[in-house]
Amino acid sequence: MTFIQQLELIERVDQLIRLQATGSARDLAYRLGISKTKLYRMINIMKELNAPVEYDVTVQSYVYQEEVSLRFRFHAKPLEPKRTYPIAG
């Protein structure tokens, strides 16, 4: 799995966590087409990146314990116009 594919998978897990629609680890791994071991590794990576993710048995989904945002992509910003200075003379 490439780095980009891993990032995209983490973004997908993030989306499902926000919707509280992951189901159990087995269900989520099946939905993503990965093993439970790989899923647990990915969740541990998310935790290392400070994601407060936990499994909530009452909603039967992974959830965030506090509000977080996830950003992995570069976003272009408009460049400020270059300043020109008058030539003294």
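**Entry 1. Terms and model**

I take helices (H or I, at least four residues) and strands (E, at least two) as DSSP runs, numbered from the N terminus. The model I am reading is predicted.

**Entry 2. Two residues with positive phi**

I looked up Asn50 and placed it in the loop between H3 and strand E1 (53-56). I noted a phi near 75° for Asn50, a positive value in a residue other than glycine. Asn50 is exposed, since its relative accessible area is 66% and the cut-off for exposed is over 50%.

I then turned to Gln20, in the loop between H1 and H2. Here too I recorded a positive phi in a residue other than glycine, with Gln20 near 50°. I classed Gln20 as partly exposed, at 44% relative accessibility.

**Entry 3. Helix H3 against H2**

I asked at what angle the axes of H2 and H3 cross. For helix H2 (residues 25-32) and helix H3 (residues 36-48), I noted axes that come within 9 Å and a crossing of roughly 100°. The two helices H2 and H3 therefore count as roughly perpendicular to each other, because that class covers angles of 65 to 115 degrees. On the H2 side I listed Ala25, Arg26, Leu28, Ala29 and Leu32, and on the H3 side Lys36, Leu39 and Tyr40. I sorted the residues of this H2 with H3 contact by class and obtained six nonpolar, two charged and no polar.

I followed Lys36 separately, as a residue of helix H3. Its contacts, apart from neighbours within four places in sequence, are Ala25, Arg26 and Ala29. I noted 6.4 Å between the C-alpha atoms of Lys36 and Ala25, which are 11 residues apart along the chain. Lys36 is partly exposed, its relative accessible area being 39%.

**Entry 4. Helix H3 against H1**

I next examined the pair H1 and H3, whose axes cross at roughly 80° and come within 11 Å. H1 and H3 are therefore also to be entered as roughly perpendicular to each other. H1 supplies Leu9, Ile10, Val13 and Ile17 to the contact, and H3 supplies Met42, Ile45 and Met46. I counted seven nonpolar residues in the contact of H1 with H3, with no polar and no charged residues.

**Entry 5. Salt bridge in H1**

I asked how many salt bridges there are, and the count comes to one. I located a salt bridge between the side chains of Asp14 and Arg18, at 3.0 Å, N to O. Side chains of opposite charge can pair when their charged atoms come close. Asp14 and Arg18 are about one helical turn apart, because they stand four residues from each other in helix H1 (residues 3-18). I then asked whether Asp14 is buried or exposed. Asp14 is buried, with 9% relative accessible area, whereas Arg18 is partly exposed at 41%.

**Entry 6. Thr22 and Ser61**

I placed Thr22 in the loop between H1 and H2 and Ser61 in strand E2 (residues 61-64). The side chains of Thr22 and Ser61 form a polar contact of 3.0 Å. I noted a further approach at Thr22: a polar atom of its side chain lies 2.7 Å from the backbone nitrogen of Tyr62.

I entered both residues as buried, because the cut-off is under 20%; Thr22 has a relative accessible area of 2% and Ser61 one of 0%.

Leaving aside neighbours within four places in sequence, I listed the contacts of Thr22 as Leu16, Ile17, Asp27, Leu28, Arg31, Ser61 and Tyr62. On the same exclusion, Ser61 is in contact with Gln20, Ala21, Thr22, Gly23, Glu54, Tyr55 and Asp56. Gln20, from Entry 2, is thus one of the contacts of Ser61.

**Entry 7. Ser24**

I closed with Ser24, which lies in the loop between H1 and H2. I asked which backbone nitrogen lies 3.1 Å from a polar atom of the side chain of Ser24. I found it to be that of Asp27. Not counting residues up to four places away in sequence, Ser24 touches Tyr55 and Gln60. I also recorded the pair Ser24 and Asp56, which are 32 residues apart in sequence and 9.5 Å apart, C-alpha to C-alpha. Ser24 is partly exposed, at 24% relative accessibility.

Conventions: Residues numbered from 1 in each chain as written. Predicted model: local features only at pLDDT ≥ 70, side-chain atom pairs only at ≥ 80, totals over all residues. Heavy atoms only, no water. Buried < 20%, exposed > 50% of the residue type's maximum accessible area, 1.4 Å probe, protein only. Contact = heavy atoms within 4.5 Å. Axes fitted to C-alpha atoms, helices over the stretch in contact; angles between N-to-C directions. Parallel < 35°, antiparallel > 145°, perpendicular 65-115°, else oblique. Nonpolar A, V, L, I, M, F, W, Y, C, P; charged D, E, K, R; others polar. Salt bridge = Lys/Arg side-chain N within 4 Å of Asp/Glu carboxyl O. Polar contact = N/O pair within 3.5 Å; in protein donor to acceptor, adjacent residues only side chain to side chain.
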